[in-house]
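Q: I'd like to learn how to read a model like this one, feature by feature. Can we start with strand pairing?

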Amino acid sequence: MSLLRSLRLFLVARTRSRQQAGSFLLQSAQPWHILQQAGPRLSSSASSKDLLMKLRRKTGYSFVNCKKALETCGEDLEQAEIWLHKQAQKEGWSKAAKLHGRKTKEGLIGLLQEGNTAVLVEVNCETDFVSRNLKFQQLVQQVALGTMLHCQNLKDQLSTYSKGFLSSSELSELPAGPDRNGSLKDQLASAIGKLGENMTLKRAAWVKVPSGFYIGSYVHGAEHSTSFHNLVLGKYGALVICETSEQKANLEDVGRRLGQHVVGMAPLSVGSLDDEPGGEAETKMLSQPYLLDPSITLGQYVQPQGVSVVDFVRFECGEGEEAAEAQ
């Protein structure tokens, strides 16, 4: 009887062991089945992450916004970028409307020179902190490029130099450039949305010269950046138009010195070499004491250089704001 009982217990234990082994085999097979199903998902996840990183690097928008853009556009990178810009523009216009009227005393002057053409632009913001932000500086670059493109598209036959100015409203309507959609006012709204300060496209000036003329230039407090190519940024800027009978090696240096004088002495007109120093002549460039050597006039410095100063443009960042507040 005990043997029969022992045999029965042995058979029950064996049956249970087989059942547990079968269950274990089924369980161990399940993860492999799941992994096979998860393979494409993992691959898809990695691909989505790559797209997210690319969109983030290309646009500079936050990861949250980039992820939303990719989800909205079905992982289409190009469409996601367009969607992001449109959303930023909407938010920018909304924020611009809220911030409109706030004082914009700070900002930057931008100088861009290409061949026989040069432009000066002024873009303003509320604080000096924002003026040092790369996104704000990129806006100044875009305004300078838009102004340069406008100037180069003017069909004029130059027998002498030409000079022009663009008001805030005229600047706003200029195309943003070959690599941007919309107008400069759209770029402005986008920058306001990103940086959260009121900003204005204040003004621009351009100069074109034919052979026999030279454009001297200077920016005070200049900041050079490889990302901005020929653009120079600062708080003061000047363009000086000179006529010369021959191209001399020192023309660039002379032009820079003349620009320094215009920035530092703030003349109101060129005047002539015959003007006597003193009195009203103090506002005339050629009769002013030369900034870098006050023992002589600017005219006395210029004469031996073989150039004639015919015109100039001077921009000072925030110029006119104090007068406007006083009125």
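Q: How many bridges join β1 and strand β7, and in which sense do they pair?
A: As a general idea, strands of a sheet pair through backbone hydrogen bonds, either parallel or antiparallel. Keep in mind that this is a predicted model. Here β1 and β7 (residues 232-234) pair in the antiparallel sense, over 3 bridges. To find the register, look at Ile109, which stands opposite Gly234 in β7.

Q: Which strand does β1 join over 9 bridges?
A: That's β2: β1 (residues 106-114) and β2 (residues 117-125) run antiparallel, with 9 bridges joining them. A handy landmark is Leu111, whose bridge partner in β2 is Leu120. The two strands form a hairpin with 2 residues between them, and Gly115 takes a positive phi near 60° there.

Q: What is the strand order in the open sheet of 3 strands?
A: Read across the sheet and you get β5-β8-β11, with antiparallel pairing. β5 (213-220) and β11 (307-316) are the edge strands, since each pairs on one side only. Ignoring direction, neighbouring strands here are turned by 15° against each other on average. For the pairing of β8 (residues 236-244) with β11, count 9 bridges in the antiparallel sense. Thr244 stands opposite Val307 in β11, if you want a spot to check.

Q: Which helix lies across β5, β8 and β11?
A: Look for α8 (residues 251-265), which runs at about 55° to β5.

Q: At what angle do the axes of α5 and α7 cross?
A: They cross at roughly 175°, and the axes of α5 (residues 134-152) and α7 (residues 184-195) come within 10 Å. Angles over 145 degrees count as roughly antiparallel, which means that α5 is roughly antiparallel to α7. On the α5 side, the contact is made by Lys135, Phe136, Leu139, Gln142 and Val143. From α7 come Leu184, Gln187, Leu188, Ala191, Lys194 and Leu195. Sort the residues of this contact by character and you find 7 nonpolar, 2 polar and 2 charged.

Q: How many aromatic pairs does a search of the whole structure find?
A: It finds 2. One of them is Tyr161 with Phe213: the ring centres are 6.3 Å apart and the planes lie at 50°, so the pair is tilted. Tyr161 sits in the loop between α5 and β3 (162-166), while Phe213 belongs to strand β5, so the pair ties together parts that are 52 residues apart in sequence.

Q: And what is the mean pLDDT of the protein chain?
A: The mean is 80, and 76% of the residues reach 70 or more. Over residues 20-43, though, pLDDT is below 50, and that stretch has 0 contacts in the model beyond near neighbours in sequence. Residues 323-327 also stay under 50, and for them the model has 2 contacts beyond four places in sequence.

Key
Residues numbered from 1 in each chain as written. Predicted model: local features only at pLDDT ≥ 70, side-chain atom pairs only at ≥ 80, totals over all residues. Heavy atoms only, no water. Axes fitted to C-alpha atoms, helices over the stretch in contact; angles between N-to-C directions. Helix = DSSP H or I, 4+ residues; strand = E, 2+ residues; numbered from the N terminus. Parallel < 35°, antiparallel > 145°, perpendicular 65-115°, else oblique. Contact = heavy atoms within 4.5 Å. Nonpolar A, V, L, I, M, F, W, Y, C, P; charged D, E, K, R; others polar. pLDDT = per-residue confidence, 0-100. Pairing = 2+ DSSP bridges. Phe/Tyr/Trp six-rings, centres within 6.5 Å; stacked < 30°, edge-to-face > 60°.
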